[in-house]
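Open the model in your viewer, keep the sequence panel beside it, and follow the stops below in order. At each stop, make the selection that is named and then look at what surrounds it.

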Amino acid sequence: MFNTVTIVGVGLISGSFSLALKERALVKKVIGVSRTEASAQKAIELGLIDEALPLEEAVKQADLIYVAIPVDATIGVMQQVMDMVTDKQIVADAGSTKHALCAAMDVHPMRRRFVATHPMWGTEYSGPEAAVRNAFVGRSCVICEKEKSDAAAVATIEEVYRQLGMHLVYMDADSHDMHTAYISHISHITSFALANTVLEKEKEEDTIFELAGGGFESTVRLAKSNPAMWVPIFKQNREHVLDVLNEHISQLRKFKACLEKENYTYLQELIEQANTIKRILK
């Protein structure tokens, strides 16, 4: 499908994206752009990229430029990329927030060459070593503001994600940010907070290690996520995250009140209500 793809950022998402393209023979060559020489070399060693180049050279050679870096850096880098692209190139991103980026791109003369996407997959790990095969299979990918992008460019990106095994979802940028606040961003905040709670109250690290079961591990797994990625996400999506936090705190207060007042009937009702999530999540 592509002669050359440039990935800006050589970490979890972009590295997994590159592996998927290579394994499905959707690209002949992948160029990587990285902030550090060490990450670039590791990406070459792992077969994520074939060559590392500075941004300008990498963009010139690419049919598709795929930007997957922390969201606080994305807008500035995307402005540079969009200033360089031609009407024969496609630019896509993989950011976890969309409103700020789409607003920044709105007035760019090459806006139609940009397709705003968010593959809904990730782990708590980062860097080139975190890339995994078949990462996107069975997952959803959100495409935002489809109508503002060139139809042929959108069709190409849609086909790429379908080839990677993804289900496509369409929405406006603000709706995307609201929904991801509920299903992704609050999960990370809760995990960070729970980890801090346990670390504060459970001073014996050996005890945590010995007693922590699968439930605890799965709940705090996200607490290992990189703050360099998540602080900018919370910052850009501040209003929606605050809305979700307020609701979450309200729910926690209900559980707290049940225990304080020994109202175990209502406590059971709250848990039974929570159980209905089984209708959505298998």
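Begin with the whole chain, colouring domain 1 and domain 2 separately; their centres, taken over C-alpha atoms, are separated by 30 Å. Keep in mind that what you are viewing is a predicted model. To make the two selections, use residues 2–171 for domain 1 and residues 176–279 for domain 2. Where the two meet, 18 residues of domain 1 and 17 residues of domain 2 take part in the contact.

**The interface between the domains**

Stay at this boundary and ask how much area is buried between domain 1 and domain 2. The value is about 1,400 Å², and carbon and sulfur atoms give 60% of it. Now select Ser96, Thr97 and Glu124, which are the residues of domain 1 that lose the most area to domain 2, and which together account for 40% of what that side buries.

Keep Glu124 selected and add Lys224: these two residues form a salt bridge, in which the closest N and O atoms are 3.6 Å apart. Across the interface of the two domains there are 2 salt bridges, and there are also 7 residue pairs in polar contact. If you show the secondary structure on the side of domain 1 that touches domain 2, the elements giving two or more residues to that side are α4, α5 (99–105) and β7. Of these, α4 gives the most, with 3 residues.

**A threonine in helix α4**

Next, select helix α4, residues 71–84, and find Thr74 within it. Is Thr74 buried or exposed? Its relative accessibility is 5%, and therefore Thr74 counts as buried, since the cut-off for buried is under 20%. Leaving aside residues up to four places away in sequence, Thr74 touches Val67, Ile69 and Leu101, so display those three side chains together with it.

**The nonpolar cores**

Move on to the largest nonpolar core, which has 38 residues, and begin by selecting Phe17, Tyr66 and Leu164, the residues with the most contacts inside this core. Two or more residues come to this core from each of β1 (2–8), α1 (12–23), β2 (27–33), β4 (64–67), β5 (90–93), β7 (140–144) and α6 (151–163). The largest share, 6 residues, is given by α1.

Centre the view on Phe17 and show what it touches: not counting residues up to four places away in sequence, the list is Leu64, Tyr66, Phe136, Val160, Tyr161 and Leu164. Apart from this core lies another, of 25 residues, in which you can select Val67, Val77, Val85 and Cys144, which are among its members.

**Two loop residues with positive phi**

For the last stop, turn to the backbone, remembering that most residues other than glycine have a negative phi. Select Ala25, in the loop between α1 and β2, where phi is near 55°, a positive value in a residue that is not glycine. Ala25 is exposed, with a relative accessible area of 60%.

Then select Glu145, in the loop between β7 and α6. Glu145 is not a glycine either, yet its phi is positive, at about 50°. Here the relative accessibility is 13%, and Glu145 therefore counts as buried. Put the two loop residues on screen together, and you can look at an exposed Ala25 and a buried Glu145.

Technical notes: Residues numbered from 1 in each chain as written. Predicted model: local features only at pLDDT ≥ 70, side-chain atom pairs only at ≥ 80, totals over all residues. Heavy atoms only, no water. Core = buried A, V, L, I, M, F, W, Y, C linked by side-chain atoms within 4.5 Å. Buried < 20%, exposed > 50% of the residue type's maximum accessible area, 1.4 Å probe, protein only. Helix = DSSP H or I, 4+ residues; strand = E, 2+ residues; numbered from the N terminus. Contact = heavy atoms within 4.5 Å. Domains from an automatic or database assignment. Buried area = accessible area lost by both parts, 1.4 Å probe. Salt bridge = Lys/Arg side-chain N within 4 Å of Asp/Glu carboxyl O. Polar contact = N/O pair within 3.5 Å; in protein donor to acceptor, adjacent residues only side chain to side chain.
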